[in-house]
Amino acid sequence: MSQLKDTSDARAAVASLVARARMAQAEYEHYGQRQVDEVVTAVAWALVQPERNRQLSELAVETTGLGNVEDKITKNRRKTMGLLRDLEQAKSVGVIRELPELGLVEIARPVGVVGAVVPSTNPAATPANKTINALKGRNAIILAPSPKGQAACTLLLEFMHAELDRVGAPRDLVQQLPIPVSKATTYELMNQVDLVVVTGSQNNVRSAYSSGTPAVGVGAGNVPVIIDESAELDDAARKITASKTFDNATSCSSENSLVILDAVYESAIAALERSGGVMLTAAEKQQLEAAMWEDGSLSRHIIARAAPDIARRAGLTRSELQSASFFMVEEQHVGKEYPFSGEKLSPVLAIYRARDFEAAFEQTRCLLDHQGKGHSCGIHTRNEANIRRLGLEMPVCRVIVNQAHAFANGGNFDNGLPFSLSMGCGTWGQNSISDNMNYRHYLNITRIARTIPPSEPTMDDLFGAYLQKHGLADS
């Protein structure tokens, strides 16, 4: 009986939020593009405003224990400003494209009420990103934060409401599930909204897909990066270090494994050591493994901690480890019984040695088949053929070339990927999208179709060459 009551209570609580969201969205749907863009800017300012950004970042680290304050401030600012740059000239209201040669007119329409499930790793940046994209499409949104991340999300919502008040937009355009957020209310949200967008737990992604509501989910990361014999080693080491240590590796896009060609292996390791990495001995690797995984799962005491803190928790006493930026462990194998081959969410890199690019390619594929298939891989190289082969054959949606992976994968000011904290992984990662989740995923598109001069092919146009090639021309 108690379970039925819990379900009934959850259903009623969510239904109340959804009803309020629908009323707000019905009003917001009549906003013009300029009004919508002002609302989007207002909600972005709720996070980017420096004092609020620091307050949210400090609260996020305090309540989740993940990452560090200064990097979260940087992430919140850059990801939000990058998203605003992407959206600045984007049309999302009324006619967004006309194709007179095809007789088509495309019109942007809202999806309605969005339910957004967001993780504790980025408890301000991710909900802000989803909210801004949803509002760009004239939708309402209801946030479902993780239990650890709900305090930061609640404070962010308070700041957003203040900015919505400033521009005269309905507060109920942005809401959050009641505290404490539970599995019951999260699943009810998935059932009652018009679109579910999920970042984080793959259990939540699977639940969204099976909810009966249209859903956009993203896949797990486990990024392998190749360093080939043509790479600029010091440049690669600096970028890998910056990426792997940023916010203590909370990003699913940070490097998890390096696959280094034998010809430059020793030189590459030396460059990584100059950049702040320390290679663990076999005994230290074993000791770290025991500390990092408890009952087969990553320890919450290790995830997103700084390298010296991880060393202390693992009982690693070598002096070099107390000031290291990240740790490296040599690995040869892949699979569940070799946990360093999977996602580590910490400043720890698995290092694989490959005899040549062919072996590196196969090692990378093997790592992705184990975990992270569809997400992304990277390469440091000057060899265009190696880059192109990864793009043509590796089962990933993004190949990041000569860049700091965690910064580049979700869009950066020096590449053309959309700014996002949610990476679609295509069918390889059991996702419905293969690009960075962006505002277009929050739109319905209506197409007006008019007649045009007919373009009807003849049988010979379509089959003539084929019939001639195979001797069927007289049949």
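Ala-406 is buried, at a relative accessible area of 11%, in this predicted model. The residue belongs to helix α15, which covers residues 405-408. Leaving aside residues up to four places away in sequence, Ala-406 touches Ser-243, Ser-251, Ser-253 and Ser-254. One of these partners, Ser-251, is 155 residues from Ala-406 along the chain, yet the two C-alpha atoms are separated by 6.4 Å.

The next part of the model to follow is the packing of helices around α2. Two packed helices are described by the angle between their axes and the distance between the axes. Helix α2 runs over residues 33-48 and helix α4 over residues 69-87; their axes are 9 Å apart, at an angle of about 165°. Because angles over 145 degrees count as roughly antiparallel, α2 is roughly antiparallel to α4. The crossing of this pair is left-handed. On the α2 side the contact is made by Val-40, Thr-41, Ala-44, Leu-47 and Val-48, and on the α4 side by Asn-76, Arg-77, Thr-80, Met-81, Leu-84 and Leu-87. Sorted by type, the residues of the contact between α2 and α4 are 7 nonpolar, 3 polar and 1 charged.

Helix α2 also packs against helix α3, residues 50-64. Here the axes come within 6 Å and cross at roughly 60°. An angle of this kind makes α2 and α3 oblique to each other. The contact brings Trp-45, Ala-46, Leu-47 and Val-48 of α2 together with Pro-50, Arg-52, Asn-53 and Leu-56 of α3. In this contact of α2 with α3, 6 residues are nonpolar, 1 is polar and 1 is charged. Leu-47 and Val-48 of α2 are listed both in the contact with α4 and in the contact with α3.

Asn-76 gives a residue-level view of this region. The residue is found in helix α4 and takes part in the contact with α2. Asn-76 is buried, with a relative accessible area of 5%. Apart from residues up to four places away in sequence, Asn-76 touches Leu-47, Val-48, Asn-53, Ser-57, Ala-124 and Ala-125. Among these, Leu-47 and Val-48 are in α2, while Asn-53 is in α3.

A second asparagine, Asn-139, sits in a loop rather than a helix, between α5 (125-136) and β4 (140-145). Asn-139 is buried as well, with a relative accessible area of 0%. Its contacts, again not counting residues up to four places away in sequence, are Gln-25, Tyr-28, Pro-110, Val-111, Gly-112, Val-114, Ala-134, Leu-173 and Tyr-442. Leu-189 is 50 residues from Asn-139 in sequence, and the C-alpha atoms of the two are 15 Å apart in space.

The cysteines can be taken next. The structure holds 0 disulfides. For Cys-153, the closest cysteine sulfur is that of Cys-252, at 18 Å, which is too far for a bond. Cys-153 is buried, with a relative accessible area of 1%. Cys-425 is in no disulfide either; the nearest cysteine sulfur, in Cys-397, is 5.9 Å away. Since a disulfide requires cysteine sulfur atoms within 2.5 Å, the distance of 5.9 Å from Cys-425 to Cys-397 does not qualify. Cys-425 counts as buried, at 0% relative accessibility.

Some backbone details remain, and they lie in loops. Ile-179 and Pro-180 are joined by a cis peptide bond, with omega at about -5°. Pro-180 lies in the loop between β5 (174-176) and α7 (183-192).

Two residues call for a look at phi. Asp-295 is a residue other than glycine, yet its phi is positive, near 55°. Asp-295 lies in the loop between β11 (293-294) and β12 (297-298), and at 82% relative accessibility it counts as exposed. Leu-345 is not a glycine either, and has a positive phi of about 45°. Leu-345 is placed in the loop between β13 (326-330) and β14 (348-354). With a relative accessible area of 19%, Leu-345 is buried, because the cut-off for that class is under 20%. Asp-295 is thus exposed, whereas Leu-345 is buried.

Technical notes: Residues are numbered from 1 along each chain as its sequence is written. This is a predicted model: local features need pLDDT of at least 70, side-chain atom pairs count only at pLDDT 80 or more; totals for chains, interfaces and linings use all residues. Side-chain values use heavy atoms; hydrogens and water are left out. Axes are lines fitted to C-alpha atoms, for helices over the stretch in contact, and angles run from 0 to 180 degrees between N-to-C directions. Helices (H or I, at least four residues) and strands (E, at least two) are DSSP runs, numbered from the N terminus. Angles under 35 degrees count as roughly parallel, over 145 as roughly antiparallel, 65 to 115 as roughly perpendicular and the rest as oblique. A crossing is left-handed if the near helix is turned anticlockwise from the far one by less than a right angle, and right-handed if clockwise. Contact means heavy atoms within 4.5 Å. Ala, Val, Leu, Ile, Met, Phe, Trp, Tyr, Cys and Pro count as nonpolar, Asp, Glu, Lys and Arg as charged, and the others, Gly among them, as polar. Buried means under 20% relative accessible area, exposed over 50%, partly exposed in between (1.4 Å probe, protein chains only).
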